[in-house]
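I opened the notebook to record what I looked up in this structure, starting with the overall fold and ending with the aromatic side chains.

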Amino acid sequence: MSGEHSNASSKAMGLLKRAGRWQIWEFALWLVAIAAIFTLPSQMLILTEIAILALFAVSLDLILGYAGIVSLGHTAFFGLGAYAAGLFAIYISGEPVIGLVAAAVVSGLFGC
């Protein structure tokens, strides 16, 4: 009985190690996303919208998938970051990347 348990445990550990590794297509996806910023400057608005929704999807996956918490309270920080980025764009600078960083900083400060 103990042998079966250790065999199942070693199989589970092997699956977890493989699942935690980055695949080649994930590197390619990041390279395409970064290249899009430089090659499509006229499409920055839609690229920013895609980045915002991707961050929201990742946060939802983290809270529901890994943590197992059925809560949407984290969306308050998403909304706060969006509001901060909007105010930053109006009063300080319209640069979207700097606005994204400002949104992350504001949400991080309120999250502490």
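**Notebook: contacts, fold and one ring pair**

I began with contacts (heavy atoms within 4.5 Å), and found that residues 24 or more positions apart account for 31% of the contacts with a separation of 6 or more in the protein.

I noted that this is a predicted model, in which local features need pLDDT of at least 70 and side-chain atom pairs count only at pLDDT 80 or more, while totals for chains, interfaces and linings use all residues. Residues are numbered from 1 along each chain as its sequence is written, and side-chain values use heavy atoms, with hydrogens and water left out.

For pLDDT, the predictor's confidence in each residue from 0 to 100, I read a mean of 82 for the protein, with 87% of its residues at 70 or more. Among the elements, helix α1 (residues 2–19) has the lowest mean, 66, and helix α5 (residues 96–111) the highest, 91.

I recorded five helices and zero strands, taken as DSSP runs numbered from the N terminus (helices H or I, at least four residues; strands E, at least two).

I then looked up aromatic pairs (ring centres of Phe, Tyr or the six-membered ring of Trp within 6.5 Å; planes under 30 degrees apart stacked, over 60 edge-to-face, the rest tilted), and the structure holds one. The ring centres of F56 and F78 lie 4.9 Å apart with planes at 45°, so the pair is tilted. The pair links distant parts of the chain, with F56 in helix α3 (residues 44–66) and F78 in helix α4 (residues 75–91), 22 residues apart.
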